[in-house]
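Dear colleague,

I am passing on the structure we spoke about, together with some notes on its side-chain contacts. Please keep it open beside this message as you read.

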Amino acid sequence: MSLVDQLSLRHPIVQAPMAGVTTPALAAAVSEAGALGSLGLGASSPEKAREEIEGVRALTDRAFNVNFFCHASPASGAKTRRAWLAHLAPYFQAQGAAVPDDLANIYQPINDNPAMQVVILETRPPVVSFHFGVPSAALVDGIHDYGGQVWICVTTPGEAAQAVDGGADALIAQGVEAGGHRGNFEAENDAEFGLVALLRILESTYSLPIIAAGGLMDGVAIRGVLSLGAAAAQLGTAFVACPESAAAPAYRDALRMGQATEITQAISGRPARGLIGPFQSDIAPGAPWVPDYPLAYDAAKQLHAAAKANGDHRYAPNWAGQGVALSRELAAGDLVLALVDEMISPS
């Protein structure tokens with residue numbers, strides 16, 4: 001059976017699981033429209049994750065995806081953390097804010113989070129996807145035991161091999177065009193494969209389904225990756241402007257500008273693509289070594305909060321892919337229908 005048939009989808013479209021942006025309303029609306037809605041739960045507590053999963057189930061009986069992080073625990077020492085905070089000190093001071101004393105490990109990886117694993121196995125989401133690495137064998141087995149699928153995001157053929165060995169049912173091929181965090185298993189190593197090259201290599205190597213991700217914004221692009229062998233297309237930036245998303249008004253305003261994007265490690269400690277702002281243009285150049293993810297993210301979030309309190313939204317990450325200029329403001333269900341119309345249009 002095809003991936004679409006396995007999940008009883010009507011359309012080979014996946015709404016990307018963007019932590020902090022996705023909501024039960026967004027995921028359910030996409031699933032109700034015949035595509036696969038997703039929740040980004042890597043930054044959530046177990047209690048919040050359970051609430052959001054139950055929230056989707058209250059709105060739809062169709063399949064959906066939940067996503068978690070498999071990053072390594074941060075190892076940056078006190079010297080690295082102090083140097084980074086010293087580098088950011090002028091930016092905090094410009095906002096009239098105190099420089100943090102230290103950086104916190106704000107996100108726990110799924111492999112070190114037994115309480116979150118219990119939530120997954122008790123709520124039994126149809127699809128569980130993973131970013132930054134491969135989940136433990138025990139968790140993969142537990143998901144398979146209840147009939148769920150395991151999808152793993154990969155950015156290189158080498159990562160794909162690890163994902164297949166780790167029990168993946170499908171691979172998410174993330175091209176360098178994608179917005180948000182790169183799925184690199186190792187933050188310091190990014191081969192920067194474009195989507196087309198990565199998709200073709202993986203499709204010719206493996207028989208399991210490949211979901212194409214990276215810069216896709218319309219049905220014409222979806223049709224293109226399907227013609228190259230993808231089982232489905234995953235779109236993230238395209239859904240940020242939907243009214244059902246949790247995107248802040250300033251984020252939506254930034255999307256309307258259709259600015260250029262750039263990858264930086266300075267915001268979170270891992271490479272991530274967003275609309276160019278102070279982190280990319282001013283903070284990153286000449287910076288000391290950035291602390292490991294998510295320690296650096298703690299600093300960025302505190303700086304953004306301090307600036308936001310002053311009405312300054314420049315320090316928001318504003319994650320977006322290279323196709324951001326094609327963003328449109330449609331309800332999630334209407335966007336899915338528009339994408340399908342564009343897919344099947346002969347023009």
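**Charges and rings**

The charged end of Lys 301 sits over the ring of Tyr 297, 4.3 Å from its centre; a charge is said to sit over a ring if NZ of Lys or CZ of Arg is within 6 Å of the ring centre and within 35 degrees of the ring normal. A second such contact brings the charged end of Arg 270 over the ring of Phe 132, at 4.1 Å from the ring centre.

Please bear in mind that this is a predicted model, in which local features need pLDDT of at least 70 and side-chain atom pairs count only at pLDDT 80 or more, while totals for chains, interfaces and linings use all residues. Residues are numbered from 1 along each chain as its sequence is written, and side-chain values use heavy atoms, with hydrogens and water left out.

**Aromatic pairs**

The structure holds 9 aromatic pairs, where rings of Phe, Tyr and Trp (its six-membered ring) pair if their centres lie within 6.5 Å, and planes under 30 degrees apart count as stacked, over 60 as edge-to-face and the rest as tilted. One of the pairs is formed by Phe 279 and Tyr 315, which meet edge-to-face with 6.2 Å from centre to centre and 90° between the planes. Phe 279 lies in helix α12 (residues 278-283) and Tyr 315 in the loop between α13 and α14, so this pair ties together parts that are 36 residues apart in sequence; helices here are DSSP runs (H or I, at least four residues), numbered from the N terminus. Phe 279 is buried at 2% relative accessibility, and Tyr 315 is likewise buried at 6%, where buried means under 20% relative accessible area, exposed over 50%, and partly exposed in between (1.4 Å probe, protein chains only).

Tyr 293 and Tyr 297 form a tilted pair, with 6.3 Å between the centres and 40° between the planes. Tyr 293 counts as buried at 4% relative accessibility, and Tyr 297, the residue whose ring lies under the charged end of Lys 301, is buried at 7%. Both tyrosines belong to one aromatic cluster, which is made up of Phe 69, Tyr 107, Phe 132, Tyr 293, Tyr 297 and Trp 319.

**Salt bridges**

How many salt bridges does a search of the whole structure find? There are 10, a salt bridge being a side-chain nitrogen of Lys or Arg within 4 Å of a carboxyl oxygen of Asp or Glu.

Arg 256 takes part in a salt bridge with Asp 253, at 2.3 Å from N to O, and these two residues both lie in helix α11 (residues 249-257), 3 residues apart, about one turn of the helix. Asp 253 is partly exposed at 42% relative accessible area, and Arg 256 is also partly exposed, at 47%. The side chain of Arg 256 meets that of Glu 329 in a salt bridge as well, at 2.5 Å from N to O. Since Arg 256 lies in helix α11 and Glu 329 in the loop between α13 (295-309) and α14 (332-344), this pair ties together parts that are 73 residues apart in sequence. Glu 329 counts as partly exposed, with 48% relative accessibility.

Elsewhere, salt bridges that share partners join Lys 48, Glu 51 and Glu 52 into one network. Within this network, the closest N and O atoms of Lys 48 and Glu 52 are 3.7 Å apart, and both residues lie in helix α3 (residues 46-59), 4 residues apart, about one turn of the helix. Glu 52 is buried at 11% relative accessibility, whereas Lys 48 is partly exposed at 34%.

With best wishes
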